[in-house]
Amino acid sequence: MGFFLETLFGGLMTGLLYALIGLGFVLIFKASGVFNFAQGAMVLVAALAMARFSGWAIELTGSLLFGNVIAFFMSVVFMIAVAIVIERFVLRHLVNQELTTLLMATLGITYVLDGLGQMVFGSSVYTIDVGMPKDPLFLFEGAFEGGVLLNPDDLIAAGVAATLVATLALLFQYTKVGRALRAVADDHQAAQSVGIPLGRIWVVVWAVAGIVALVAGIIWGSKLGVQFSLSTAALRALPVVILGGLTSVPGAIIGGLIIGVGEKLSEVYLGPFVGGGIEVWFAYVLALVFLLFRPEGLFGEKHIARV
């Protein structure tokens with residue numbers, strides 16, 4: 001039972017990371033009605049910014065805490081600037097264009113961000129040290145033989161991710177910005193006709209998606225390091241939004257947890273019978289099943305595309 005709980009918890013932690021990245025996909029889709037292929041690149045650029053800014057700030061201040069706090073706010077400002085540039089030079093010129101045009105624009109943004117990250121921050125492998133404890137914890141030793149081994153940094157990351165997700169869910173469900181976002185997603189022209197500033201909404205949503213990418217990049221980078229493969233690794237969250245629904249913030253959370261837990265348990269308990277490697281394809285097979293039988297996902301709307 002202890003080993004099962006360790007595997008289950010590991011899956012939940014992975015699922016939360018997937019949910020954070022998937023949340024970025026959902027936010028952009030709700031604002032523009034297009035799938036944002038640039039989300040993985042945003043995670044990479046945000047993590048690179050945090051890694052380099054923290055290195056400079058820690059060296060300057062001599063303090064890990066203050067250095068990371070300064071680096072975080074610098075990274076937030078950087079991602080907001082990225083959002084403003086994307087809206088000013090790309091999205092503003094594509095208002096009311098076909099979805100295919102917007103989709104191709106996000107592909108272009110992906111390559112620009114990858115190149116920008118390498119040009120500005122370099123192409124080395126970096127680390128992010130936010131001071132989270134690394135010594136493992138043994139819990140429930142009285143209930144299970146050997147107890148349950150947990151990493152405290154996973155617990156902290158889970159708390160941060162859960163708080164961020166809950167805050168965003170409330171923000172977009174009950175605020176004026178959230179209502180404007182839903183109106184923009186339904187119809188750009190109709191939203192503009194009632195006075196909703198389309199450009200400002202796009203900046204807000206891309207900035208929030210950038211901050212979400214930053215948090216995901218910090219968590220991922222502090223565990224595995226920051227390198228350019230992070231951009232493609234982040235795309236493993238694609239099945240999350242297919243499973244949960246492209247228009248649903250709660251769906252991104254539930255989808256991430258289901259896929260995280262499912263791939264871990266499958267790898268551990270079914271992997272030995274099929275030669276392993278289930279984690280590589282489990283999420284995509286599950287997403288394919290949903291595309292065939294419930295393409296709108298668990299919580300998505302059936303008619304989500306603009307005509």
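**Close-up views of a predicted model**

**View 1. Ring of F73 and its neighbour F72.** At a relative accessibility of 53%, F73 is classed as exposed. In this predicted model, the partner ring belongs to F72, which is partly exposed with a relative accessible area of 27%. F72 and F73 constitute an edge-to-face aromatic pair, with 5.7 Å centre to centre and 75° between the planes.

**View 2. Aromatic pair between helix 2 and helix 3.** The whole structure contains 5 aromatic pairs. One of them joins F53 and F78 in an edge-to-face arrangement, with a centre-to-centre distance of 6.4 Å and 80° between the planes. F53 lies in helix 2 (residues 39-61) and F78 in helix 3, so that the pair links distant parts of the chain, 25 residues apart. F53 is buried, its relative accessible area being 11%. F78 is likewise buried, with a value of 18%; the cut-off for this class is under 20% relative accessible area.

**View 3. Aromatic cluster around F53 and F78.** A single aromatic cluster comprises F53, W56, F78 and F121. Two of its members, F53 and F78, are the edge-to-face pair of the preceding view.

**View 4. Crossing of helix 3 and helix 8.** The axes of helix 3 (residues 64-89) and helix 8 (residues 198-224) approach within 8 Å and cross at roughly 140°. The two helices are therefore oblique to each other; an angle would have to be over 145 degrees to count as roughly antiparallel. The crossing of helix 3 past helix 8 is right-handed.

**View 5. Residues at the contact of helix 3 with helix 8.** On the side of helix 3, the contact involves F72, S75, V76, M79, I80, A83, I84, I86 and E87. These residues meet G199, W202, V203, W206, A207, G210, I211, L214 and I218 of helix 8. Classified by residue type, the contact of helix 3 with helix 8 has 14 nonpolar, 3 polar and 1 charged residues. F72, listed here on the helix 3 side, also takes part in the edge-to-face pair with F73.

**View 6. Surroundings of S266 in helix 11.** S266 is located in helix 11, which spans residues 249-269. With a relative accessibility of 11%, S266 counts as buried. Leaving aside residues up to four places away in sequence, S266 touches G271, I278 and F282.

Key
Residues are numbered from 1 along each chain as its sequence is written. This is a predicted model: local features need pLDDT of at least 70, side-chain atom pairs count only at pLDDT 80 or more; totals for chains, interfaces and linings use all residues. Side-chain values use heavy atoms; hydrogens and water are left out. Axes are lines fitted to C-alpha atoms, for helices over the stretch in contact, and angles run from 0 to 180 degrees between N-to-C directions. Helices (H or I, at least four residues) and strands (E, at least two) are DSSP runs, numbered from the N terminus. Angles under 35 degrees count as roughly parallel, over 145 as roughly antiparallel, 65 to 115 as roughly perpendicular and the rest as oblique. A crossing is left-handed if the near helix is turned anticlockwise from the far one by less than a right angle, and right-handed if clockwise. Contact means heavy atoms within 4.5 Å. Ala, Val, Leu, Ile, Met, Phe, Trp, Tyr, Cys and Pro count as nonpolar, Asp, Glu, Lys and Arg as charged, and the others, Gly among them, as polar. Rings of Phe, Tyr and Trp (its six-membered ring) pair if their centres lie within 6.5 Å; planes under 30 degrees apart count as stacked, over 60 as edge-to-face and the rest as tilted. Buried means under 20% relative accessible area, exposed over 50%, partly exposed in between (1.4 Å probe, protein chains only).
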